[in-house]
Amino acid sequence: MQITVLSGGVGGSRFIEGLLRTKGPDDEVTVIANTADDISLFGLHISPDLDTVMYTLGDGIDRERGWGRTDESWNAKDELATYGIEQAWFGLGDRDIATHLVRTMRLQEGRTLSEVTAELCERWQPGVRLLPMTDDRVETHIGIDRDGRREIIHFQEYWIRLRAQVPVEEVVVQGVQDARPAPGVVEAIRGADLVLLPPSNPIVSIGPIAAVPGIREAIAATPAPVVGVSPLIGGGAVRGMADQLLTGLGIELSATGVAAHHGARSSGGLLDGWLVDTTDAAQLPALEALGLAARAVPLWMTDAGTTDRLAEDTVQLAHSIGARR
């Protein structure tokens, strides 16, 4: 099978680990990663979601934090703070900086983000074909009200420096309307046997991927079943700041609310199927009313076993949808 995954960072990476452990020996996995989290700081081009997928699947991730490198040190960050550099709130570890230096150097030489990602993956051997959603510059910015004054700030500043503690008024994905899918992205979706959306933030991870012109159209056209996993369990985000973003944008804070936001493919949305946690089983009728095939299974990826079972459950739902066509 050809399996295509649309992914954010931490949750998506963990899901993909389970997928790789449980897939068939001849199955091939392509991961299309969100790049709207990308940011330029200290003269470096930083791609957090691409790197989280690459490090996780290449066994270089710090498992406790869920991001960054293992055996990391923070001397450069401390020195930047000592110099009074304002952006020192963004913590680049000393080992992690090497990745950003290579990426920035290659981009300045005229290489594309896709080409640089492929080069970086030669070292990490993630076991998937890792593609950025676009080679064009796209950035997610957050509109906030701070002390009665409206500001637009980069998503990374909202998430890391402000710790998502300020109410969200708007999410703007700058540059996405003029972006094009990176080479291979549309083909990976249209030519897939399965398209999977792991538990990733619907607003700042899956949303920007689908917003790149041509990608939503490819999802609509693919003959593959498209199945997603809820990032919410019991009305709360498993990780990250989906709660704040959904609430700020007026989207119902529930597994059904996220599914309705993505929409059913039968009604012009993204999904054919949706997995919710067993604690949210009462929402299955509402999901079916949206036109989705839905199941309630354990979603907590607390260890390799539960992660593997979630990947298997997702693939099984996709197969069952495909079999009914």
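The lining of the largest cavity, sorted by class, consists of six nonpolar and two polar residues, with no charged residues among them. This cavity belongs to a predicted model, in which the count of cavities of 30 Å³ or more comes to one. The briefing below begins with that enclosed space and then turns to a pocket, a salt bridge and two open sheets, one of seven strands with parallel pairing and one of three strands with antiparallel pairing.

**The cavity**

- Rolling a probe the size of a water molecule over the atoms shows where empty space is left.
- The volume of the largest cavity is about 30 Å³, and the residues that line this cavity are Leu-197, Pro-198, Ser-200, Ile-206, Val-229, Pro-231, His-262 and Trp-274.

**The second largest pocket**

- The second largest pocket holds about 220 Å³ of space, and among the 15 residues of its lining, those closest to the centre are Arg-14, Glu-17, Arg-63, Met-301 and Thr-307.
- Two helices, H1 (10-22) and H13 (304-323), each contribute at least two residues to the lining of this pocket, and the largest share, which amounts to five residues, is supplied by H1.
- Sorted by class, the lining of the second largest pocket is made up of six charged, five polar and four nonpolar residues.

**A salt bridge at the pocket**

- Side chains of opposite charge can pair when their charged atoms come close.
- The structure has 16 salt bridges, and one of them joins Arg-63 to Glu-17, with 2.7 Å between the closest N and O atoms.
- Glu-17 belongs to helix H1, while Arg-63 sits in the loop between helix H2 (48-57) and helix H3 (75-82), so this pair ties together parts that lie 46 residues apart in sequence.
- Arg-63 and Glu-17 also appear among the lining residues closest to the centre of the second largest pocket.

**The sheet of seven strands**

- The strands of this open sheet follow the order S5-S2-S1-S9-S10-S13-S14, and their pairing is parallel.
- Strand S5 (129-132) and strand S14 (293-296) form the edges, each of them pairing on one side only, and neighbouring strands of the sheet are turned against each other by 20° on average, with direction ignored.
- Within this order, strand S10 (residues 226-229) and strand S13 (residues 273-276) run parallel and are joined by three bridges, and Gly-228 has Trp-274 in S13 as its bridge partner.
- Helix H8 (residues 202-211) packs on the sheet, where it touches strand S1 (2-7), strand S2 (28-33) and strand S9 (194-197), and the direction of the helix makes about 115° with that of S1.
- Trp-274, the bridge partner of Gly-228, is also one of the residues that line the largest cavity.

**The sheet of three strands**

- The other open sheet has its strands in the order S7-S6-S8, with antiparallel pairing, and its edges are strand S7 (149-154) and strand S8 (168-174), each of which pairs on one side only.
- From one strand to the next, the twist of this sheet averages 25°.
- Strand S6 (residues 139-146) pairs with S7 over six bridges in the antiparallel sense, and the bridge partner that Gly-143 finds in S7 is Ile-152.

Key:
Residues numbered from 1 in each chain as written. Predicted model: local features only at pLDDT ≥ 70, side-chain atom pairs only at ≥ 80, totals over all residues. Heavy atoms only, no water. 1 Å grid on protein atoms, 1.4 Å probe; cavity = no way out; pocket = protein on both sides within 12 Å on 5 of 7 lines; lining within 4 Å. Points joined across faces, edges and corners; volume = space filled by probe spheres on them. Helix = DSSP H or I, 4+ residues; strand = E, 2+ residues; numbered from the N terminus. Nonpolar A, V, L, I, M, F, W, Y, C, P; charged D, E, K, R; others polar. Pairing = 2+ DSSP bridges. Axes fitted to C-alpha atoms, helices over the stretch in contact; angles between N-to-C directions. Contact = heavy atoms within 4.5 Å. Salt bridge = Lys/Arg side-chain N within 4 Å of Asp/Glu carboxyl O.
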